[in-house]
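Visitor: I have a model open and want to learn how to read it. Where do we begin?

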Amino acid sequence: MTGSDVRDKTINLGAGPSSLPTSVLLEASQGIIDYEGTGMGLTELSHRSSTFQQLLQEAESNVRKLLDVPDEYAVLFLQGGGTEQFSATLLNMLAAHAARNPTYQGTPPVDYVVSGAWSNKAFKEAQRLSSRVNLAADLRASVSDEHKKVLRPEEWSLSSVDEAPAMLHYCDNETIGGFELPQDFISRLPQAYRERVPIVADCSSNILSRRLDVRAHAAIYFGAQKNIGPSGLTMVIVRRDLVVDPDAVRREYTPIIPTTLVYKNAVDNGSLYNTPPMFPIYVSALVFRELLKQGGVDGAQERAKTRSKTVYDALLAEPKLYRPVVQHPEFRSQMNITFRIMDPKTQEPSPDLEAKFVAFCSEHRIVNVKGHRSVGGLRASFYNSISQEHAQAFAEVLAQFAKQTM
């Protein structure tokens, strides 16, 4: 078989870097050799050339269309991954807090909701950088236990608005654990809190897969390597009135921010403060074009619902063999479906059966379904580039494996 034949027959359900549309990759491969008839590849162009800046402007314009980003928000094309934004969001929001509260005494609290591995890493990074970090809610233990109640936003231990919290941070979708917050959760926070506290979201693994209320947030950040493009690009959408010069508002609670993490430097230079990740931006721009043709985020949301329902229905059809990790249906991710295979006799997770299932998937050219190394189990990721036909094929493999195992 040729390379293209092998690709067409392979279903990549990896959690990231994820599968990308073949049509996009084919166009991008041509752009590496000769971009738009310039005689130079995209990676050979000057990032300050009018040619590349036109591409950057188109990418930003299409992101604004897809996510309904108003003018009062800046759209930044950065590097460093979502992990770097664990630091950058906190540092920039503390600086913004100092600018907005010049007479504030002491250190403002910062609130964190921990729902899985990534939000926990953000929380721990905040503890390194600030002396007053509040764990508003830890949802990890309850999501995997059907007998435990998952704390609703109304029950979170949020800081008092009278203490002027600098921010609330949450992760919208936990890639490792397969947990996704309900879309309406922000509207269930106390009104005074929503109006006065900047809300920051890590949307790295479900961006562009469902509607997102940008206006309810102070900042939204996401790595590209799930639903958008290759690894190397990180995007930030931030409210302009919160973009400040941190050196002009230094306070005891505002650490010095490294130059490349200062949002104002990126905003003032149109994401060209230093050389940006040009090729990931190019591929992402092609993905944005394609998504707009396919009905935008609304279309992606409907497709995601259909794909995930197909797979969850197949899992739930064999309750003695398959068990979703997230036991509360309203918190199950549409992007990252995590589950265990149970020993039919003991009803305990069976690493042996899970290894056999991975091999069985490989026989059907379905790859990258092992769970994250930190938690084990199984994980199938259904990002925007995965089709309903792929979801149906995976559901059929689940049914076939159950038939031969039970």
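Guide: Begin with the elements. Helices (H or I, at least four residues) and strands (E, at least two) are DSSP runs, numbered from the N terminus. Pro-17 sits in the loop between strand 1 (11-12) and helix 2 (22-33). The bond from Gly-16 to Pro-17 is a cis peptide bond, with omega near -5 degrees.

Visitor: How far can I lean on these values?

Guide: This is a predicted model: local features need pLDDT of at least 70, side-chain atom pairs count only at pLDDT 80 or more, and totals for chains, interfaces and linings use all residues. Residues are numbered from 1 along each chain as its sequence is written, and side-chain values use heavy atoms, leaving out hydrogens and water.

Visitor: How do strands make a sheet?

Guide: Strands of a sheet pair through backbone hydrogen bonds, either parallel or antiparallel. Here, two strands pair if DSSP finds at least two bridges between them. One open sheet has three strands in the order 11-12-14, with antiparallel pairing. Strand 11 (322-324) and strand 14 (378-381) are at the edges; each has a single partner strand, so one side of each lacks a neighbour in the sheet. From one strand to the next, the twist averages 35 degrees. Axes are lines fitted to C-alpha atoms, for helices over the stretch in contact, and angles run from 0 to 180 degrees between N-to-C directions.

Visitor: Over how many bridges do strand 12 and strand 14 pair?

Guide: Four, in the antiparallel sense; strand 12 covers residues 336-341. Thr-338 stands opposite Arg-379 in strand 14.

Visitor: Which strands does helix 11 lie across?

Guide: Helix 11 (residues 351-363) lies across strand 11, strand 12 and strand 14. Helix 11 runs at about 130 degrees to strand 12.

Visitor: What does a parallel pair look like?

Guide: Take strand 3 (residues 110-114) and strand 4 (residues 133-138): they run parallel, joined by five bridges. Val-114 stands opposite Asp-138 in strand 4.

Visitor: Is Glu-36 buried or exposed?

Guide: Buried means under 20% relative accessible area, exposed over 50%, partly exposed in between (1.4 Å probe, protein chains only). Glu-36 has 60% relative accessibility, so Glu-36 counts as exposed. Its phi is near 55 degrees, a positive value in a residue other than glycine. Glu-36 belongs to the loop between helix 2 and helix 3 (50-67).

Visitor: And Leu-208, buried or exposed?

Guide: Leu-208 counts as buried, at 3% relative accessibility. Its phi is also positive, near 65 degrees. Leu-208 lies in the loop between strand 8 (199-202) and strand 9 (219-223).

Note on methods: Contact means heavy atoms within 4.5 Å.
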